[in-house]
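Dear colleague,

I am passing on the structure we spoke of, for your files. Please look it over before reading the notes below it.

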Amino acid sequence: MAYAKHYTSSFATKSGQTLTIELWDESGSSVIEYPCDSYNKQYIPGSDDPFEPVYASQITVVLDVTENMAAMPDFTAMDDRKYWAKVFLGSDLDWQGWVLSDEVEINFDGDVRQVKFNAICGLGMLADIDFTTAVTTYRASIWQFFLDCIRPLEFPTAPYIRDWISIFGAQCKTD
C-alpha cells in the first residue's frame with residue numbers, strides 16, 4: 001500500500017517546539033490542514049513489571065473540522081490500515097502508527113465540529129503473530145530478532161524505534 005500525506009495539523013508545545021500530526025492514505029492528492037484541539041500520547045505497558053522490555057503506545061487526537069467537514073478523514077470504511085499517522089516534534093519523527101476506525105467520535109454540539117480518533121503503534125498486535133526469522137546462522141543480534149518480530153506488521157515507512165538500557169534491569173553476582 002503506497003501512502004501519501006493527506007491531512008496535517010501543527011501547533012506549538014509548551015516547550016516552544018512545533019508538533020505536527022500527519023495522516024497519510026492512498027488518496028493523498030492534496031494536503032488538507034485542520035487545527036488540532038487536543039493531542040495525547042500514552043505508553044501502554046503489558047503488565048506491572050517495571051522492567052518490561054517493550055511498551056506499546058497510542059495517541060489520541062481531536063481535530064477541529066468546522067471549516068471543512070466535507071473533506072475530513074473518512075473513518076466509516078472500518079479499515080484500521082487506511083490511515084497512517086506520523087507525529088513530528090520539530091523536524092524529528094516522534095511517533096507513527098495506524099489510525100483505528102473504532103471509537104471515533106464526531107462532536108456536533110454547538111458551532112464547533114470536532115473529530116476525535118486514536119492511533120496505535122502496532123506493537124500490541126504482535127501477541128497474535130507467530131515468530132519467524134530469516135536468520136540461518138547460529139549467531140544473530142538482538143536487533144535482528146527484534147526486526148524479525150515486527151516485520152509481519154508491514155509498516156509503510158521504516159519504524160522509529162526508541163531504545164534505552166536500564167542499569168537496574170539485571171542483577172549481577174560477583175564472587
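The notes below deal with salt bridges and with the accessibility of the residues that form them. Please bear in mind that this is a predicted model.

Searching the whole structure gives 4 salt bridges. Three of them are described here, among them the pair Lys5 and Glu22.

Lys5 and Glu22
The closest N and O atoms of Lys5 and Glu22 are 3.4 Å apart. Lys5 belongs to strand 1 (residues 4-12) and Glu22 to strand 2 (residues 18-25), so this salt bridge ties together parts that are 17 residues apart in sequence. Is each partner buried or partly exposed? Lys5 is partly exposed, at 31% relative accessibility, whereas Glu22 is buried, at 8%. The cut-off for buried is under 20% relative accessible area, so the value of 8% puts Glu22 in that class.

Asp74 and Lys82
A salt bridge also links Asp74 to Lys82, with 3.6 Å between the closest N and O atoms. Asp74 has a relative accessible area of 34% and is partly exposed. Lys82 is partly exposed too, at 22% relative accessibility.

Asp148 and Arg151
Here the side chains meet in a salt bridge with an N to O distance of 2.6 Å. Asp148 is buried, with a relative accessibility of 2%. Its partner Arg151 is partly exposed, at 47%.

Regards

Notes
Residues are numbered from 1 along each chain as its sequence is written. This is a predicted model: local features need pLDDT of at least 70, side-chain atom pairs count only at pLDDT 80 or more; totals for chains, interfaces and linings use all residues. Side-chain values use heavy atoms; hydrogens and water are left out. Helices (H or I, at least four residues) and strands (E, at least two) are DSSP runs, numbered from the N terminus. Buried means under 20% relative accessible area, exposed over 50%, partly exposed in between (1.4 Å probe, protein chains only).
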